[in-house]
Amino acid sequence: MCGGRGGKVNYFAAYEVMMDDLRDYRFYLPDMLHPSEEAIGYIWLKLRDALFSPLCFPTFEQLQRMSSAVQHRPFDVESNEH
């Protein structure tokens, strides 16, 4: 990744994390080619920790909660609870 850090280039080793840390089959989808949601979450945490300040973490958590709320689908749209 290229950034505004004086023209320096940063590399995040997502492939290496997948091959070294997550080489067990449970970290792959049934097609055995693509990473599972668990693997994606693990790699995201590694990326977050490598590239972002811990001061950003609460914002990421808030965005995750908002994203989950937006994606929520009610079981019964006609219910009073909805």
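Me: Hi! How much space lies in the largest pocket?

Reply: Hello! In this predicted model, the largest pocket holds about 210 Å³ of space.

Me: Which residues line the largest pocket?

Reply: The lining is made of Glu37, Gly41, Trp44, Leu45, Arg48, Phe60, Glu61, Leu63 and Gln64.

Me: And which element gives the most to that lining?

Reply: That would be α2, with 5 residues. Helices α2 and α3 each supply at least two residues of the lining.

Me: Let me step back a bit. How many helices and strands are there in the protein?

Reply: There are 3 helices and 0 strands. Read from the N terminus, the order of elements is α-α-α.

Me: What share of the residues is buried?

Reply: Buried residues come to 13% of the 82 in the protein.

Me: OK, and how much of the contacts with a separation of 6 or more comes from residues 24 or more positions apart?

Reply: Those residues account for 23% of such contacts.

Me: Now the core. Which residues make up the largest nonpolar core?

Reply: It has 8 residues, namely Phe12, Val17, Met18, Leu22, Phe27, Tyr28, Ala39 and Ile43. The elements giving two or more residues to this core are α1, residues 14-20, and α2, residues 37-51.

Me: Leucine 22 caught my eye there. What does leucine 22 touch, leaving out residues up to four places away in sequence?

Reply: With those neighbours left out, leucine 22 touches Val17, Phe27, Tyr28, Ala39, Tyr42 and Ile43. Several of these belong to the core as well, including Val17, Phe27 and Ile43.

Me: Switching to rings: how many aromatic pairs are there?

Reply: The count comes to 3. One of them is tryptophan 44 with phenylalanine 60, an edge-to-face pair at 5.3 Å centre to centre, with 80° between the planes.

Me: Where do those two sit along the chain?

Reply: Tryptophan 44 is in helix α2 and phenylalanine 60 is in helix α3, residues 57-71. They are 16 residues apart, and the pair links distant parts of the chain.

Me: What about phenylalanine 52, which residue does it pair with?

Reply: Phenylalanine 52 pairs with phenylalanine 60, again edge-to-face, at 5.0 Å between centres and 80° between planes. Trp44, Phe52 and Phe60 form one aromatic cluster.

Me: Are the members of that cluster buried, exposed or partly exposed?

Reply: Tryptophan 44 is partly exposed, because its relative accessibility is 34%. Phenylalanine 52 is partly exposed too, at 33%. Phenylalanine 60 has a relative accessible area of 21%, so it also counts as partly exposed, given that buried means under 20%.

Me: Back to the pocket lining for a moment. Where does arginine 48 lie, and is it buried or exposed?

Reply: Arginine 48 lies in helix α2. It counts as buried because its relative accessible area is 15%, and the cut-off for buried is under 20%.

Me: Which ring does the charged end of arginine 48 sit over?

Reply: It sits over the ring of phenylalanine 57, 3.8 Å from the ring's centre.

Me: What else does arginine 48 touch, not counting residues up to four places away?

Reply: On that count arginine 48 touches Phe57 and Phe60. Arginine 48 and phenylalanine 60 are 12 residues apart in sequence, and their C-alpha atoms are 9.2 Å apart in space. Both residues also appear in the lining of the largest pocket.

How values were computed
Residues numbered from 1 in each chain as written. Predicted model: local features only at pLDDT ≥ 70, side-chain atom pairs only at ≥ 80, totals over all residues. Heavy atoms only, no water. Core = buried A, V, L, I, M, F, W, Y, C linked by side-chain atoms within 4.5 Å. Buried < 20%, exposed > 50% of the residue type's maximum accessible area, 1.4 Å probe, protein only. Helix = DSSP H or I, 4+ residues; strand = E, 2+ residues; numbered from the N terminus. Contact = heavy atoms within 4.5 Å. Phe/Tyr/Trp six-rings, centres within 6.5 Å; stacked < 30°, edge-to-face > 60°. Lys NZ or Arg CZ within 6 Å of the ring centre and 35° of its normal. 1 Å grid on protein atoms, 1.4 Å probe; cavity = no way out; pocket = protein on both sides within 12 Å on 5 of 7 lines; lining within 4 Å. Points joined across faces, edges and corners; volume = space filled by probe spheres on them.
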